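Here are some notes to read with the model open beside you. Take them one at a time and find each residue as you go.

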Amino acid sequence: MKKGLIALIVIGVLAFAIYNWAVGFNNTAVTNQENAETSWSNVESSYQRRNDLIGNLVKTVQGAADFERGTLTDVIEARAKATSTKIDAGNLTPEKMAAFQQAQSGLAGALSKLMVVVERYPDLKANQNFLELQSQLEGTENRINVARDRYNEKVNIYNIHIRKFPGSFLANMFGFDKMARYKSDAGSENAPDVDFDFK
């Protein structure tokens, strides 16, 4: 009778310890995943700010009657593509991240081309609205970089948590999948030199 009771107590203590471990793992994984998804929302918010500023920039540039229409059309089309490419924060697959990055890179390229072409328009370069928007765009690009870095940090914390042994067993049981990181664009190590100082 005594041995049976001791065995029952030992099994109960082990079951309780395993339960606490599983609950702790799950709750930490949920917290880390939510933090990463919130960071992704901040990335999207920064890109949305850039898209809004580009819309205002295009309107300002359109006021220059002899400005190259093809360049503006490229920016407008790239902006439309970038704003239509959305990712659900709960489903950040590498393929969806690559599509998002490609759309954003297309917009960045079109914007760089626009800024280079503006060099030929002294009146536009001196336009106060244009100068203010240009300054805000520079700040927004910095925000985007910071937001992407913070997102990758949060993803790193989450991925390490779900991949470390023995938690990886529970991650599979509870359906926690590895999240995709934001990667640099192919060829970004050879970034074009764009001069944003049009004074």
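The points below go through salt bridges, contacts across the chain, a helix with two sides, a peptide bond and surface patches.

1. First, a reminder: this is a predicted model. Keep that in mind whenever a distance or an angle comes up.

2. Let's start with charged pairs. In general, side chains of opposite charge can pair when their charged atoms come close. How many salt bridges does a search of the whole structure find? The count is two.

3. One of them brings together the side chains of Arg50 and Glu141, at 3.1 Å from N to O. This pair ties together distant parts of the chain, with Arg50 in helix α1 and Glu141 in helix α5, 91 residues apart. Are the partners buried or exposed? Arg50 has a relative accessible area of 2%, so it counts as buried. Glu141 comes out at 29%, so it is partly exposed.

4. The side chains of Asp74 and Lys113 also form a salt bridge, with 3.3 Å from N to O. Here too the pair links distant parts of the chain: Asp74 belongs to helix α2 and Lys113 to helix α3 (residues 94-118), and they are 39 residues apart. Asp74 is partly exposed, with a relative accessible area of 32%. Lys113 is also partly exposed, at 43%.

5. Now pick out Ile144, which sits in helix α5. Its relative accessible area is 1%, so Ile144 is buried. Then look for Ser45: along the chain it is 99 residues from Ile144, yet their C-alpha atoms are separated by 8.7 Å.

6. For another pair, try Glu68, in the loop between α1 (2-62) and α2 (69-84). With a relative accessible area of 26%, Glu68 is partly exposed. Glu68 and Lys125 are 57 residues apart in sequence, and 15 Å apart in space from C-alpha to C-alpha.

7. Helix α6 is a good one to turn around on your screen. Which residues of α6 are buried? They are Gly167, Leu170 and Ala171. These residues cover an arc of only 105° around the axis, which is why they end up on the same side of α6. On the other side of α6 you'll find Phe169, Asn172 and Met173, and these are exposed.

8. Don't skip the loop between α5 (128-163) and α6, where Pro166 has its place. As a rule, most peptide bonds are trans. The bond that joins Phe165 and Pro166, however, is cis, with omega at about 5°.

9. Next, a charged part of the surface. Which residues form the positive surface patch? Arg163, Lys178, Arg181 and Lys183 do. Of these, have a look at Lys183, which lies in the segment after α6 (167-174). Its relative accessible area is 58%, and the cut-off for exposed is over 50%, so Lys183 counts as exposed.

10. Finally, a nonpolar patch on the surface is made by Ile6, Val10, Leu14, Ile18 and Trp21. Together they have about 500 Å² of accessible area. To find the patch, begin at Ile6, which is in helix α1. That helix also holds Arg50, from the salt bridge with Glu141.

Technical notes: Residues numbered from 1 in each chain as written. Predicted model: local features only at pLDDT ≥ 70, side-chain atom pairs only at ≥ 80, totals over all residues. Heavy atoms only, no water. Patch = residues over 30% accessible without salt bridge, like charges linked within 9 Å, V, L, I, M, F, W, Y side chains within 5 Å. Areas by Shrake-Rupley, 256 points an atom, 1.4 Å probe, with all protein chains shown as cover. Salt bridge = Lys/Arg side-chain N within 4 Å of Asp/Glu carboxyl O. Lys, Arg positive; Asp, Glu negative; His and termini not counted. Charge placed at Lys NZ, Arg CZ, Asp CG, Glu CD. Helix = DSSP H or I, 4+ residues; strand = E, 2+ residues; numbered from the N terminus. Buried < 20%, exposed > 50% of the residue type's maximum accessible area, 1.4 Å probe, protein only. Arc of directions from axis to C-beta.
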